[in-house]
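Trainee: I have a model open and would like to go through it with you. Could we take it step by step?

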Amino acid sequence: MQFARSLRTISRVARVAAAASFVGVTAAACQGSEARVGVHYRSNTVLPRDLFTVQIQDGGRVRTLRGAELDGRELSTATSGSLRFGYRAVSSTTIVSEGSVEVPLRNDWRYGFDIFVDSLDPRRGCFGCIGAKPFPLAAGFRRSAKDSVWIVWGGNSISNPAVY
């Protein structure tokens with residue numbers, strides 16, 4: 001009888017240990033299995049942010065952000081495939097500017113996209129920037145003939161970010 005109780009106790013302990021081990025392994029496997037994207041509009045004094053609509057596409061999802069939502073909003077994304085970041089600026093019925101870029105998605109990664117209106121590449125002095133792309137700006141909305149709308153993007157690990 002004592003022997004049977006000992007076997008049941010050992011069996012119970014083994015099941016609890018196995019369950020705890022499973023939870024630990026599952027948690028470790030899930031660590032870093034997220035991806036995010038952030039959006040900032042940085043040129044409010046040049047063109048009001050209310051003119052801008054941003055679309056973020058990752059796989060089957062399409063999310064749209066407008067106006068005040070472009071002030072640091074962060075969204076979860078898929079962890080693989082590609083992300084398309086596109087914008088359109090419209091004043092009344094005039095398309096002021098539009099453009100898009102596509103980046104590869106990764107586990108444990110956060111992209112940040114910044115929108116600038118400038119005549120020079122805004123990456124000067126930028127740490128962690130991965131790319132920048134200028135898009136034409138309608139003539140009536142430029143401060144100078146060289147002004148463009150720039151999309152600048154960078155990225156960093158979520159769980160182990162580089163500190164710049």
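Mentor: The conversation below covers the fold, the strand pairing, the aromatic contacts and the pocket.

Mentor: Please keep in mind that this is a predicted model.

Trainee: Understood. How many helices and strands are there in the protein chain?

Mentor: The protein chain has one helix and nine strands. Along the sequence, the order is α-β-β-β-β-β-β-β-β-β.

Trainee: And what share of the residues counts as buried?

Mentor: Of the 164 residues in the protein chain, 34% are buried. Strand β7 is mostly covered, with eight of its 10 residues buried.

Trainee: Which way do β1 and β7 run, parallel or antiparallel?

Mentor: Strands β1 and β7 run parallel and are joined by seven bridges. Within this pairing, Ala35 stands opposite Trp109 in β7.

Trainee: What about β7 and β9, parallel or antiparallel?

Mentor: β7 and β9 are antiparallel, with 10 bridges between them. Ile115 faces a partner there, standing opposite Ile151 in β9.

Trainee: Next, the hairpin. How many residues lie between β2 and β3?

Mentor: The hairpin formed by β2 and β3 has two residues between the strands. Gly59, in the turn, has a positive phi of about 70 degrees. Strand β2 covers residues 52-58 and strand β3 covers residues 61-66, and they pair in the antiparallel sense over six bridges. Gln55 stands opposite Thr64 in β3.

Trainee: Moving to the aromatics: how many aromatic pairs are there?

Mentor: The count comes to seven aromatic pairs. In one of them, the ring centres of Tyr41 and Phe52 are 4.6 Å apart and the planes stand at 40 degrees, so the pair is tilted.

Trainee: Where in the chain do Tyr41 and Phe52 sit?

Mentor: Tyr41 belongs to strand β1 (residues 35-41) and Phe52 to strand β2, so many as 11 residues apart, and the pair links distant parts of the chain.

Trainee: Are those two residues buried or exposed?

Mentor: Tyr41 has a relative accessible area of 3%, so it is buried. Phe52 is likewise buried, at 0% relative accessibility.

Trainee: Which residues form the aromatic cluster?

Mentor: One cluster is formed by Phe85, Trp109, Tyr111, Phe113 and Trp153. Trp109 also has a charged neighbour: the charged end of Arg106 sits over the ring of Trp109, 3.6 Å from its centre.

Trainee: Now the largest pocket. What is its volume?

Mentor: The volume of the largest pocket is about 180 Å³. The lining has 14 residues, and those closest to the centre are Arg110, Gly112, Phe113, Asp114 and Gly154.

Trainee: Which strands each supply at least two residues of that lining?

Mentor: Those are β7 (109-118) and β9 (148-157). Phe113 therefore appears twice in our discussion, as a member of the aromatic cluster and among the lining residues closest to the pocket centre.

Trainee: How do the lining residues divide by chemical character?

Mentor: The lining of the largest pocket divides into six nonpolar, five polar and three charged residues.

Trainee: One last topic. Where does Ser119 lie?

Mentor: Ser119 is in the loop between β7 and β8 (129-136). With a relative accessible area of 28%, Ser119 is partly exposed.

Trainee: How far apart are Ser119 and Ala145 in space?

Mentor: From C-alpha to C-alpha, Ser119 and Ala145 are 7.9 Å apart in space, while in sequence 26 residues separate the two positions.

Key:
Residues are numbered from 1 along each chain as its sequence is written. This is a predicted model: local features need pLDDT of at least 70, side-chain atom pairs count only at pLDDT 80 or more; totals for chains, interfaces and linings use all residues. Side-chain values use heavy atoms; hydrogens and water are left out. On a 1 Å grid over the protein atoms alone, a cavity is a set of points where a 1.4 Å probe fits but cannot get out, and a pocket is an open set with protein on both sides within 12 Å along at least five of seven lines; lining residues have an atom within 4 Å of a point. Grid points are joined across faces, edges and corners, and a volume is the space filled by probe spheres set on the points. Helices (H or I, at least four residues) and strands (E, at least two) are DSSP runs, numbered from the N terminus. Ala, Val, Leu, Ile, Met, Phe, Trp, Tyr, Cys and Pro count as nonpolar, Asp, Glu, Lys and Arg as charged, and the others, Gly among them, as polar. Two strands pair if DSSP finds at least two bridges between them. Rings of Phe, Tyr and Trp (its six-membered ring) pair if their centres lie within 6.5 Å; planes under 30 degrees apart count as stacked, over 60 as edge-to-face and the rest as tilted. Buried means under 20% relative accessible area, exposed over 50%, partly exposed in between (1.4 Å probe, protein chains only). A charge sits over a ring if NZ of Lys or CZ of Arg is within 6 Å of the ring centre and within 35 degrees of the ring normal.
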